[in-house]
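Please read the following as a walk through one structure, taken step by step for someone who has not met it before. The path goes from the backbone to the side chains.

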Amino acid sequence: FPGVTFDIRNYGVGATNIDYGIQRLTADYTYLGTPVSSLISQRPDIVVIESFGYNPYPFDAGAIDKHWLALSSMVDTIRSKLPEAKVVIAATIAPNWNVFGDGAPGVLFSDQAKREHVTVVKRYLENTVRFAQSQGLPLADAYHASLQSDGNGKLQYINGGDHIHYSDSGRELFGRVVTNAIVANKLLE
């Protein structure tokens, strides 16, 4: 896109769930000591909503439905306040149950706890994919692109220091998948 300038803003806030994501659409907030204007006030052309799968609701009866409704609330808020904005739903990289949380400060999961956490995260990521597909929204699916054939996350995409967040390769994969979804759905035209 020669001659086009892109202004990319990251509205992610660590260790928060989707409910706080909904609030940040319309309310100003402070993150790491820096004031941040609401997303809606910035009038973006494209909004990428990531799954919030790694900071899920406690998993109990109705949690997946609550997540679905929260995704719907985010999309509805964007559509009502910014009718010209395009929305992309993104499912982030898959977690790995063999190493999940290893090295993360203050985290010491048993093998069973790792598997349970990964199972919950994967349910939210899969719910995000289903939501985008059911709503006919563009989907940036790094989740399936980062799965091994056994359903475990590929280590190359996972940070070796905490085994939760992206590695450099994971960030590159996620960026490429989001870009491809934007281009394939002609959201820049």
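The paragraphs below take up the sheet, then its helices, and then the aromatic rings. What is shown is a predicted model, and the description should be read with that in mind.

A good place to begin is the sheet, and a general point helps here: strands of a sheet pair through backbone hydrogen bonds, either parallel or antiparallel. In this model 3 strands make up an open sheet, with parallel pairing and the order β3-β4-β5. The edges are taken by β3, residues 46-50, and by β5, residues 139-141; each of these has a single partner strand, so one side of each is left without a neighbour in the sheet. On average, and with direction ignored, neighbouring strands of this sheet are turned by 25° against each other.

Looking at one of the pairings in detail, strand β4, which covers residues 86-91, runs parallel to β5 and is joined to it by 3 bridges. Within this pairing, Ile-89 has Leu-139 of β5 as its bridge partner.

Helices come next. Helix α2, made of residues 63-81, packs on the sheet and touches β3 and β4, and its direction makes about 170° with that of β3. Helix α3, made of residues 111-135, lies across β3, β4 and β5, and runs at about 150° to β4.

From here the side chains can be followed, starting with the aromatic rings, for which a search of the whole structure finds 6 pairs. In one of them, the ring centres of Tyr-20 and Tyr-29 are 6.1 Å apart and the planes stand at 75°, so the pair counts as edge-to-face, since planes over 60 degrees apart fall in that class. Tyr-20 is partly exposed, at 24% relative accessibility, whereas Tyr-29, at 8%, counts as buried. Another pair, formed by Phe-100 and Phe-109, is stacked, with 5.9 Å from centre to centre and 15° between the planes. Here Phe-100 is buried at 5% relative accessibility, while Phe-109 is partly exposed with a relative accessible area of 24%.

Tyr-20 and Tyr-29 also belong, together with Tyr-11, to one aromatic cluster. What sits over the ring of Tyr-29? The charged end of Arg-24 is placed there, 5.8 Å from the centre of the ring. A further charge and ring are found together where Lys-66 lies over the face of Tyr-57, at 4.2 Å from the ring centre.

Notes. Residues are numbered from 1 along each chain as its sequence is written. This is a predicted model: local features need pLDDT of at least 70, side-chain atom pairs count only at pLDDT 80 or more; totals for chains, interfaces and linings use all residues. Side-chain values use heavy atoms; hydrogens and water are left out. Two strands pair if DSSP finds at least two bridges between them. Helices (H or I, at least four residues) and strands (E, at least two) are DSSP runs, numbered from the N terminus. Axes are lines fitted to C-alpha atoms, for helices over the stretch in contact, and angles run from 0 to 180 degrees between N-to-C directions. Contact means heavy atoms within 4.5 Å. Rings of Phe, Tyr and Trp (its six-membered ring) pair if their centres lie within 6.5 Å; planes under 30 degrees apart count as stacked, over 60 as edge-to-face and the rest as tilted. Buried means under 20% relative accessible area, exposed over 50%, partly exposed in between (1.4 Å probe, protein chains only). A charge sits over a ring if NZ of Lys or CZ of Arg is within 6 Å of the ring centre and within 35 degrees of the ring normal.
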